[in-house]
Amino acid sequence: MQLTRIAAVVTGAASGLGAATAEHLARQGTTVYGLDLEKAVAAAQAVPDGVTLVAADVTDETSVSEAVARAAGGPEPLRLAVNCAGIAPSARILSRKGPHDLGLFRAVLEVNLLGTFNVMRVVAERIAATEPDEHGQRGVIVNTTSIAAFEAQVGQIAYAASKAGVAGMTITAARDLAQYGIRVVTVAPGIVDTPMMAGFSDDVRAGLAASVTFPQRLAEPSEYARLVAMVAEHDYLNGETIRMDGALRMTAR
């Protein structure tokens, strides 16, 4: 699939992986509609050419439907969606403070898993309404899980459950949407140098980098963005979860 003269929806686009992906796609000639929470959109600075930030909550049906309708209503056909929105609070099942807060667990599942599914289902309907290319392809949905879906650390029970759900949807979503010419691929990043990492000390960051097999550094958001573009352009990638982690296998701590 070509990235020029198409429209794309990218969630979590005001920062981190989403912002890097939106910018990279825009540079390839894609018209990008970047979805994020209203406060994040208001705080965003220096939005790249070709990117329009739209206030939307991925967990809200109406909010997402309106934002996707806007993306699908332009002159370019909506062909691509990238789900980057997510949260990652930490809490153990049981600690000195007592059992894991049920509301926190529910919130993580709602943003990371339900939010991904909500965007996927709404976008799929819009992409399915476009004209297919000569191979019958209409578009691609790229979801974001994490290596925590496979070997999470202590305190990541809610995050792991939500991301395992995203990974688990991949093959079923690809099969569900095959008749409409829509591919579904999931990316599982390792430790990426996003704003979420900014609060860690240099020593902690160095320790995290040293845990990566090779190259021993944190991944860059731009590397995730390039992988998304490659997935979109590689028509035979479908129903797969791709690890982007420098061969890192997370230990318990």
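Start with T21: leaving aside residues up to four places away in sequence, T21 touches V10, V82, C84, Y224, A225 and V228. T21 sits in helix α1, and its relative accessible area of 0% makes it buried. Keep in mind that this is a predicted model.

Now for M197, which is found in the loop between β8 and α7. M197 is buried too, with a relative accessible area of 9%; the cut-off for that label is under 20%. Its contacts, again not counting residues up to four places away in sequence, are I191, V192, R205, L208 and L218. As for S222, M197 is 25 residues from it in sequence and 15 Å from it in space, C-alpha to C-alpha.

Here are the two residues side by side:

| Residue | Location | Relative accessible area |
|---|---|---|
| T21 | helix α1 | 0% |
| M197 | loop between β8 and α7 | 9% |

On to the sheet. It's an open one with seven strands, paired in parallel and ordered β3-β2-β1-β4-β7-β8-β9. Which strands stand at the edges? Those are β3 (51-55) and β9 (241-244); each has a single partner strand, so one side of each has no neighbour in the sheet. Going from one strand to the next, the twist averages 20°.

At the β9 edge, strand β8 (residues 182-189) runs parallel to β9 and is joined to it by four bridges. If you want a residue to look at there, A188 has R243 in β9 as its bridge partner.

Helices pack on this sheet as well. Helix α3 (residues 61-72) touches β1 (7-11), β2, β3 and β4 (78-82), and its direction makes about 155° with that of β3. Helix α6 lies across β7 (139-144), β8 and β9, and runs at about 160° to β8.

That leaves the pocket. The largest one has a volume of about 1,300 Å³. How many residues line it? The count is 47, and I87, A88, Y159, T194 and M196 lie nearest the centre. By type, the lining divides into 26 nonpolar, 16 polar and five charged residues.

Several elements chip in: α1 (16-27), β2 (31-36), α2 (38-43), α6 (157-177) and α7 (202-210) each supply at least two residues of that lining. Helix α1 gives the largest share, three residues. So some familiar names come back here: α1 is the helix that holds T21, and α6 is the one lying across β7, β8 and β9.

Key: Residues numbered from 1 in each chain as written. Predicted model: local features only at pLDDT ≥ 70, side-chain atom pairs only at ≥ 80, totals over all residues. Heavy atoms only, no water. 1 Å grid on protein atoms, 1.4 Å probe; cavity = no way out; pocket = protein on both sides within 12 Å on 5 of 7 lines; lining within 4 Å. Points joined across faces, edges and corners; volume = space filled by probe spheres on them. Nonpolar A, V, L, I, M, F, W, Y, C, P; charged D, E, K, R; others polar. Pairing = 2+ DSSP bridges. Axes fitted to C-alpha atoms, helices over the stretch in contact; angles between N-to-C directions. Contact = heavy atoms within 4.5 Å. Buried < 20%, exposed > 50% of the residue type's maximum accessible area, 1.4 Å probe, protein only.
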